Every structure is written in structure tokens, then in C-alpha cells.
Amino acid sequence: MVHTCVVAGCRNRRTPGTALSFYRFPRDPERKQRWIAAVNRKGWMPNEGSRLCSNHFISGKQVKNPRSPDYVPSVFTSAILPSDIKAAHAFEPYDKQEAQVEAANALLFLQGQGRFNEGRVNDRCPCEPESASSCVNSDDERKDEEGMEESENESEDGEPSGNRFAKSIVYEAKVNALKKENMKLKESLEKMSLTEASFKNDPEKVQFYTGLPNYFVFETVMWLLVPHMKGDKNAKLSKFQQLLLTLMRLRLDLRNQDLAYRFGVKVSTVTRTVHRIINLMFTMLVPTAVFWPSRVELRKNLPEAVKCTHPDCAVIIDCFSVSLEKAVSIDTHRHTFRATREMTTHSSQSAFVSELKYVIGVAPQGAVMFVSRGAPGNISDKTLVESCGLLHKLLPGDVVLAERDFGIKDLVGAHRAELMVTNSEPHEIDQNNKDTTDEASLAATERLHVNKHVERVIQMAKKRYSMLTGPVESAFTVIDRSTNVTTFDKMVQVACALNNLCISAVPLD
């Protein structure tokens with residue numbers, strides 16, 4: 001490889017047969033700076049191709065012992081002519097090209113696409129004419145390339161070039177291993193994170209955090225709500241996160257502080273988000289998913305267990321209760337909820353209660369058709385059914401099934417419908433008539449299915465949305481003046497609506 005000494009006025013070049021050695025500038029910053037000062041070229045800095053010939057050292061070669069006079073070049077001519085400077089600069093383009101070729105060869109070697117030859121004499125600049133014999137290194141050049149103190153394939157600390165590249169390969173392998181490990185950690189973090197991407201292809205994660213069967217159902221709810229959700233650019237929670245946070249509140253009954261830690265927001269942000277999304281789902285989702293179907297729809301897919309015994313069944317009703325975190329005062333006329341600590345006077349019509357009672361109506365197919373508002377737990381079943389509005393939905397000829405007598409037979413009859421109590425004692429069975437016995441046994445089995453039907457639906461909804469199991473926080477028992485409905489009543493109806501979106505709500509066999 002052709003090298004030219006960078007000292008101004010020095011015309012020495014590496015040519016076949018020369019006894020000179022050429023040294024690259026040291027890597028040590030302090031020593032390198034001393035070499036640059038010794039060269040004494042104003043405003044000049046060495047590059048990868050810059051070399052210094054052995055004529056500028058007292059012993060004819062560089063020495064790496066700091067105590068040696070040849071630790072820094074010191075032999076320079078005093079006369080420096082402009083033409084010499086120009087001549088020295090004339091060869092710098094070749095040095096730059098050679099440095100680029102060296103870097104390219106090293107890169108190819110590391111990528112396994114080429115081999116780094118120690119001689120590299122064939123990488124000569126194409127613009128410089130050379131004889132065919134100059135393509136082969138001379139003995140002196142090999143000696144120069146392989147010498148301990150003079151070798152170009154030797155690092156500043158005396159390490160051979162081959163070892164450097166072997167280490168480079170090892171380092172590259174380590175880097176690749178670290179990249180793979182980094183990718184695995186990112187995938188693991190993605191699975192643990194509460195991002196939209198982590199939910200799309202993980203039905204189990206969707207079901208665990210939201211109660212919905214898959215991401216498609218979750219996305220359907222999103223499509224329904226997003227046009228009505230606030231699109232504040234400065235909001236810390238995306239629309240996806242707002243809905244997810246609310247569903248996690250219903251599904252896992254997580255406290256606001258817990259959700260604040262999970263989503264990296266303040267507790268007040270969680271509180272506002274839950275109330276806003278619950279109100280939105282109560283307005284948009286509940287009317288879509290919880291409704292009283294037509295008689296034709298009810299008859300279309302009536303389960304066999306009901307079709308045989310009660311083909312005109314319109315609804316199966318029952319009551320369930322949810323405990324309160326602390327007793328609240330309820331006005332029995334207005335159903336106005338007030339926290340106990342806020343009460344100063346009590347009227348004769350107010351009472352402290354520790355639970356709420358609801359009436360639920362379930363279609364024979366297993367979907368929730370009706371949910372009442374919460375009433376004081378000490379209210380009678382008859383009063384609750386009479387005041388909740390369920391009876392106004394009955395049509396003449398409808399059959400209402402109930403597990404027990406709610407004392408509403410006359411009220412149902414007033415709407416020209418019929419109440420059937422499914423757990424009533426069967427008539428005495430004629431033991432001498434085998435056919436009668438078989439029919440009675442079949443009827444008893446069918447009644448058993450119907451008796452457990454509503455209970456199973458209620459338990460399924462509570463299992464999907466743990467918040468329905470209570471105890472209910474006092475903050476959720478305050479009535480919203482705009483809708484005259486408590487937040488927890490909205491949550492109960494939203495949970496029933498979400499339960500109806502699931503694949504099946506315990507159908508009768």
C-alpha cells in the first residue's frame with residue numbers, strides 16, 4: 001500500500017525496495033497531540049491514512065517507552081518551502097481513499113462477506129499508475145507490516161490485527177445476543193402492559209380484564225362509544241384506556257388508587273373517568289343491549305325445557321341484593337341516597353339500610369330483559385315489583401315464572417297475564433299409574449331447570465363483574481340529578497348489558 005510521509009518537505013513514500021517504515025498516529029490522545037505538535041503544520045489534523053516515516057526518529061523507528069527520545073518524532077529539517085508543502089498535500093487524497101478502502105474491507109470482514117488481508121496491496125488507488133510488480137509486497141514491506149514496533153496491523157498496545165478482528169466478531173455476536181434478549185423483554189413487557197396492541201390477539205387477556213369474550217366484542221363497544229367520548233389532546237388516557245379502566249373497575253372491583261397506579265394517573269382522574277364512561281354506557285349501551293323483546297322474538301328460540309311446560313312464558317323474575325360498604329339513609333318516597341355522615345335530621349319516612357335490592361327479569365333464552373333501580377333492602381318483594389315498572393311491559397296471555405310467590409298474582413292478573421310459581425309442591429302422584437308417574441317426574445325435572453335458571457344468570461353476571469357482589473362504596477349511592485339514578489344503579493344495568501353481549505348467558509338445556 002502506498003503511503004506518503006505527512007511531514008512538510010518530506011517526500012518519502014513507501015515503494016518497493018524501500019527500507020523506510022511508516023507509522024500511523026497514536027491512539028493515545030496525549031501522545032497523538034505531541035506528534036501533531038512535532039509535525040508543526042498549522043491547522044492540520046491527521047486522518048486514518050496519515051503516516052509518519054522512520055526518518056523522523058533518532059533510532060530510525062518509533063519507541064513506545066515514554067522515557068525514550070523516540071516516543072515522539074524529533075528529527076525534522078529546518079527549511080520548509082511552499083512547494084514542499086504543496087507536494088506533501090498532493091498525496092493526501094490517496095491516503096484518504098486508502099483509509100476508506102481499509103474501513104470497507106473491515107466492514108465486509110465483520111459481515112462475513114469478505115476477508116481482511118494483512119497485505120492489502122491490491123487496494124491501491126486506481127488513479128495512481130503502478131507496474132505489475134508493485135502488486136506484490138516486497139520483503140521490506142512485509143517486514144514493516146509484521147514488525148512488533150513498526151507494524152500497521154498492530155494496534156497501539158501491541159495487539160495483532162487478527163486478534164482485533166476476532167474480538168470484533170465476538171463483540172458482534174454479543175451485540176446480536178443482546179438484541180434478541182431485548183426483543184424478548186419487549187415482547188414480555190408488551191404482554192404485561194395495558195395497551196391496545198397487547199389486547200388484540202389475546203382473548204384470555206380481554207376476558208380477564210373486561211369480562212367480554214374477545215377483542216371483537218370489546219371493539220364493538222368502542223365503536224358505539226367513541227363518537228360520544230371526549231377527544232381532549234392533552235388527556236393522559238386514550239379512549240381505549242378510558243373504556244378499559246372502567247371495565248376493569250366493574251370486572252375486578254379494583255379501587256381507584258390501584259387503577260391510578262396501573263395507568264399512571266391521579267386518583268381524581270380515575271374517578272372522573274369511571275363516572276363519565278359509566279354515564280356514557282348507561283345512555284348508549286344499555287338501551288341497545290337490555291330491552292324487552294317482542295312476543296315473536298320470545299317464541300322464536302324458546303328453550304325446550306320451557307317450551308314443553310310454559311310455551312307462553314314471557315319472563316322469569318327474581319330478586320337479588322347487594323350489600324353496602326356503610327349504612328346510608330334512604331328516603332322511601334324519593335329513594336334519595338345520602339351518606340350517613342351527612343345526615344343531621346331524620347324524617348319518619350327515612351331509614352338506614354345496609355343493602356340494596358333489585359328485581360331482575362330474564363328471558364327464557366338467558367338474556368337479561370329488565371333490571372330495576374336499587375331499593376332499600378327492607379322493602380317487600382311485592383312493593384318492589386309493583387313500583388319498578390316491570391308489570392307494565394306484560395301483554396295479555398303472557399306467563400310470568402317465579403321461583404317463589406312474590407304476592408303479585410293479583411297484580412299480574414290485572415294485566416291479563418298469569419304468574420306461575422315453579423317451586424310449588426306438585427300434586428299427589430298416582431303410584432298405580434306408571435305413565436302419570438313418568439310425566440310428573442319429567443315435569444319436576446323441568447321445574448328444577450327453571451328454578452335455577454335466573455339464579456344461574458345472576459351468578460354469571462356477578463362472576464363476570466365482581467363489583468355487583470358488593471360491598472358498594474358510599475360514593476356510588478349518590479343520585480345523579482341529571483338522570484335521577486345512582487351511579488351504582490347505572491353500573492348494575494351496564495354490567496347486565498355487557499353480560500348480554502357475551503356468547504351465552506347459561507341457556508336452558
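Colleague: Let's start with histidine 310: is this residue buried or exposed?

Modeller: Histidine 310 is buried, because its relative accessible area is 13% and the cut-off for buried is under 20%. Keep in mind that we are reading a predicted model. The residue sits in the loop between helix H14 (304–309) and strand E3 (313–331).

Colleague: Which residues is histidine 310 in contact with, leaving aside its neighbours within four places in sequence?

Modeller: Histidine 310 is in contact with Leu302, Leu401 and Met420.

Colleague: Before we go on, what is the mean pLDDT of the protein chain?

Modeller: The mean is 76, with 70% of the residues reaching 70 or more. Two stretches call for care when you read them. Residues 113–157 have a pLDDT below 50, yet in the model this stretch has 91 contacts beyond near neighbours in sequence. Residues 505–509 are also below 50, and that stretch has 16 contacts beyond near neighbours.

Colleague: And the overall picture: how many helices and strands are there in the protein chain?

Modeller: The chain has 18 helices and 11 strands. Of its 509 residues, 44% are buried. Among contacts with a separation of 6 or more, 61% join residues 24 or more positions apart.

Colleague: How do I read one helix against its surroundings? Take H1: which of its residues are buried?

Modeller: Look down the axis and see where the buried residues point. In H1 (residues 29–39), the buried ones are Arg31, Trp35, Ile36 and Val39. They fall within an arc of 140 degrees seen down the axis, so they line one face of H1. Pro29 and Ala37 are exposed on the face turned away from that buried side. The cover over the buried residues of H1 includes strand E1 (22–24) and strand E2 (51–53).

Colleague: Strand E2 includes cysteine 53. What does cysteine 53 touch, not counting residues up to four places away in sequence?

Modeller: Cysteine 53 touches Cys5, Cys10, Asn12, Ser21 and Phe22. With a relative accessible area of 0%, cysteine 53 counts as buried. Its C-alpha atom is 8.5 Å from that of valine 7, although the two are 46 residues apart along the chain.

Colleague: Now the backbone. Which residue follows H1, and what is its phi?

Modeller: Here is the general idea: most residues other than glycine have a negative phi, and most peptide bonds are trans. Asparagine 40, which follows H1, has a positive phi near 60 degrees. This asparagine lies in the loop between H1 and E2 and counts as exposed because its relative accessibility is 59%. Asparagine 484 also has a positive phi near 60 degrees, in the loop between E10 and strand E11 (485–486). At 44% relative accessibility, asparagine 484 is partly exposed.

Colleague: What about the peptide bond from glycine 470 to proline 471: cis or trans?

Modeller: That bond is cis, with omega near 0 degrees. Proline 471 belongs to the loop between helix H17 (434–464) and strand E10 (479–480).

Colleague: Next, the interior. Which residues of the largest nonpolar core touch the most other members?

Modeller: In soluble globular proteins, nonpolar side chains tend to be buried together. In this model the largest core has 71 residues, and Phe218, Leu243, Phe263, Met281 and Phe488 touch the most other members. Helix H18 (residues 487–500) gives the most to this core, with eight residues. A second, separate core has 24 residues, including Trp292, Phe370, Ile379 and Phe406. Back to phenylalanine 218: beyond residues up to four places away in sequence, it touches Val206, Thr210, Leu212, Phe240, Leu243, Leu244 and Leu247.

Colleague: Last one: how do I read a helix pair, and at what angle do the axes of H9 and H10 cross?

Modeller: Two packed helices are described by the angle between their axes and the distance between the axes. For H9 (residues 239–252) and H10 (residues 256–263), the axes come within 11 Å and cross at roughly 145 degrees. The crossing is right-handed. At the contact, Gln241, Leu244, Leu245, Met248 and Arg249 of H9 meet Asn256, Leu259, Arg262 and Phe263 of H10.

Definitions and conventions: Residues are numbered from 1 along each chain as its sequence is written. This is a predicted model: local features need pLDDT of at least 70, side-chain atom pairs count only at pLDDT 80 or more; totals for chains, interfaces and linings use all residues. Side-chain values use heavy atoms; hydrogens and water are left out. Buried means under 20% relative accessible area, exposed over 50%, partly exposed in between (1.4 Å probe, protein chains only). Helices (H or I, at least four residues) and strands (E, at least two) are DSSP runs, numbered from the N terminus. The arc is that of the directions from the helix axis to the C-beta atoms. Contact means heavy atoms within 4.5 Å. A nonpolar core is a set of buried Ala, Val, Leu, Ile, Met, Phe, Trp, Tyr and Cys residues joined through side-chain atoms within 4.5 Å. pLDDT is the predictor's confidence in each residue, from 0 to 100. Axes are lines fitted to C-alpha atoms, for helices over the stretch in contact, and angles run from 0 to 180 degrees between N-to-C directions. A crossing is left-handed if the near helix is turned anticlockwise from the far one by less than a right angle, and right-handed if clockwise.
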